[in-house]
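Colleague: I am new to this structure and would like a close look at a single part, the aromatic rings and what surrounds them. Please take me through that part slowly.

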Amino acid sequence: MKKFLYSLSIFALIMMMSFAAAEFYSSMTKVDYLEGSKTLKFTTKMNTSHISDAIKINPNTAGFEAEVKKYVNNNFDLYVNGNAKTLTFTGSQVNGEAVYVYFETRGITDINSIKIKNTILLSTFPKQFNLVNIAYKGAQKTMNFQRGKEVNEVNF
């Protein structure tokens, strides 16, 4: 019995160590449709050190927000009903381990389909996983993106 408990303890220790060494790379984007202003509002949450590594700039420097804006514009494409939409960067906020990036697109009167190309952090972190949750007129849709699956589309 003592040998069994010892073996079980060693196995449990090895399992816990394997989880501790694993780094998790993800971003999450929340998309809300504001019917009154015909606007799609985007809020993307990323790990501060991960985005800092990707854009090669310290998050505490003055140029960080401008580089994040450029990075998001280069790595996030939006198509509504088959038409490419321009994203307008509205700001960012560093909150400890997380960076929140805000952007929007206006003039959206009706949505039949949304297609997104999301390559945020995929070139820097091969195991990166990006999640996008979309709320439109009471409907909720979820998209996920990773290397090899950079484009996704949902219909309403």
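Modeller: A good place to begin is the group made by Y33, Y136 and F156, which together form one aromatic cluster. Please keep in mind throughout that this is a predicted model, in which the protein chain averages a pLDDT of 88 and 86% of the residues score at least 70. One stretch to set aside is residues 17-21, where pLDDT stays under 50 and the model has zero contacts beyond four places in sequence.

Within the cluster, F156 is found in the segment after strand 10, which covers 151-155. With a relative accessible area of 29%, F156 is partly exposed, because that value falls between the limits of 20% for buried and 50% for exposed. Although F156 and Y136 are 20 residues apart along the chain, their C-alpha atoms are separated by 8.1 Å. Not counting residues up to four places away in sequence, F156 touches I111, N112, I114, I134, Y136, A139 and K141. The last of these, K141, has its charged end over the ring of F156, 5.6 Å from the centre of that ring. A comparable arrangement is listed for another lysine, since K115 lies over the face of Y79 at 5.8 Å from the ring centre.

To place the other two members of the cluster, it helps to turn to the aromatic pairs, of which a search of the whole structure finds six. The rings of Y33 and Y136 have centres 5.0 Å apart and planes at 65°, so this pair is edge-to-face. Distant parts of the chain are linked by the pair, as Y33 belongs to strand 1 (residues 26-34) and Y136 to strand 8 (residues 129-136), 103 residues apart. Y33 counts as buried at 10% relative accessibility, and Y136 counts as buried as well, at 5%.

Another of the pairs is formed by F42 and F103, and this one is stacked, with 4.9 Å from centre to centre and 5° between the planes. Because F42 lies in strand 2 (residues 39-47) and F103 in strand 6, the pair ties together parts that are 61 residues apart in sequence. Both F42 and F103 are buried.

Strand 6 is worth following a little further, since T105 is also found there. T105 counts as buried, because its relative accessibility is 3% and the limit for buried is under 20%. A polar atom of the T105 side chain lies 3.0 Å from the backbone oxygen of T86. Leaving aside neighbours within four places in sequence, T105 is in contact with K38, T39, L40, F42, L78, K85, T86 and L87, so that F42, the stacking partner of F103, appears in this list too.

The partner of strand 6 completes the picture. Strand 5 (residues 88-95) and strand 6 (residues 98-106) pair in the antiparallel sense, over seven bridges. The two strands form a hairpin with two residues between them, and G96 in the turn has a positive phi of about 65°. Across this hairpin, V94 stands opposite V99, which is in strand 6.

Note on methods. Residues numbered from 1 in each chain as written. Predicted model: local features only at pLDDT ≥ 70, side-chain atom pairs only at ≥ 80, totals over all residues. Heavy atoms only, no water. Pairing = 2+ DSSP bridges. Helix = DSSP H or I, 4+ residues; strand = E, 2+ residues; numbered from the N terminus. Buried < 20%, exposed > 50% of the residue type's maximum accessible area, 1.4 Å probe, protein only. Polar contact = N/O pair within 3.5 Å; in protein donor to acceptor, adjacent residues only side chain to side chain. Contact = heavy atoms within 4.5 Å. Phe/Tyr/Trp six-rings, centres within 6.5 Å; stacked < 30°, edge-to-face > 60°. Lys NZ or Arg CZ within 6 Å of the ring centre and 35° of its normal. pLDDT = per-residue confidence, 0-100.
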